[in-house]
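This report follows one residue outward, from its own surroundings to the helix that carries it and then to the strands on either side.

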Amino acid sequence: MRKKIAVIGAGLSGIAAIKQLTDGGHEVVCFEKAESFGGVFADKKIYEDLHLTISNYFMAYSDYVPSQQKLKFWSKKEYVNYLGEYLARFELGQYIHYDHEVRKVEKQAGKWQVTTKHGMAEQTDTFDMVAVCSGHFQKPKMPELAGLDMFEGEIEHSNDYRDKHKYAGKRVLCVGLGESSADITSEISEVASKCILSLRRYPAVAPRYMAFQEDPYFTIDTSWLTSRIVNKLPHRYHGGITKGIFTKYVNSRNDHVRIRGEWLKKSGPSHHQAVTKNERLFRPIADGKVVPNIGGIVRFEKKRCGVSRWHA
């Protein structure tokens, strides 16, 4: 039965929802509060020098695989261009209403009332169903750190970071090591007078491109090491495989590769922790531009931050 369906958000999930629902013969209206598609990857939403941590063949939709490209990790711009090509190929842009913020969704008599704001005007439309594709990275999460409210220096969340220039000549403390932090900390270290990376422990970090394989272009998500078969092995076997690779890293003549190997040995088995798939940070660590401090933050004061002593 044909239904009228509202899709909230024109990021990668919203685009996929539009495609599947229109293929099913439904009437679709997509509301996107920004002026363009792409969600968190759209222009002005995230820093420019971003590269995905999932390769192009896995990040692509199954009905439009970039089969003529080599295996690679798209930049933000390349990925948004791909989404634009996808919208054009399947003529999906006609269903998207940009600059429409969804203000309220409520159910009445078996139907959904969706109220949107466009400019200064609000409008309410009735739908049979609603697909919420607004993502789960809407609000930045700030850690609860003692004395942070007293600190008189500038505090910026990665959600608001756009480029490194405002940090030129400053002493900067970066907290945490997810994929974004690996990029942002590396960038800041290029211009800061001092850049310290504060971590509570050594997190597991994986490279985007896997070394020591027959094909040097194997990526983290196409490697045999991360295959389902290998990860089904008992932990002691999986740990033995990764330990052998870490030993190769430690014995490398490249200092940033050697530091990565030492780091991974200290981080422990990867099967019980989240893995950061971005090894970019190890080069600035090797160059002395980033100083890691493992152990966490004790407290903030007005003019400084107290971090725990380095421990191996």
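In this predicted model, S186 lies in helix α4, which spans residues 179-189. With a relative accessible area of 4%, S186 counts as buried, because that value falls under the 20% cut-off used for the term. The side chain of S186 reaches the backbone oxygen of A182, and the distance is 2.6 Å. When neighbours within four places in sequence are left aside, S186 is in contact with S181, R280, L281 and P284.

The helix around this residue is mostly covered, since 9 of the 11 residues of α4 are buried. Among them are A182, the residue whose backbone oxygen the side chain of S186 reaches, and S181, which is also in contact with S186. The elements that cover the buried residues of α4 include β8, β9 and α8 (282-286).

Two strand pairings belong to this region, and they are set side by side below.

| Strands | Sense | Bridges | Opposed residues |
|---|---|---|---|
| β8 (residues 171-175) and β9 (residues 194-199) | parallel | 5 bridges | R171 and K194 |
| β9 (residues 194-199) and β10 (residues 291-294) | parallel | 4 bridges | I196 and V291 |

Between β8 and β9, which pair in the parallel sense, the chain crosses through α4, and this β-α-β crossover is right-handed. The helix that holds S186 is thus the connection between these two strands, and both β8 and β9 are among the elements that cover its buried residues. On the other pairing, β9 runs parallel to β10, where V291 is the bridge partner of I196.

Note on methods: Residues numbered from 1 in each chain as written. Predicted model: local features only at pLDDT ≥ 70, side-chain atom pairs only at ≥ 80, totals over all residues. Heavy atoms only, no water. Buried < 20%, exposed > 50% of the residue type's maximum accessible area, 1.4 Å probe, protein only. Polar contact = N/O pair within 3.5 Å; in protein donor to acceptor, adjacent residues only side chain to side chain. Contact = heavy atoms within 4.5 Å. Pairing = 2+ DSSP bridges. Right-handed = clockwise from strand over helix to strand, strands pointing away.
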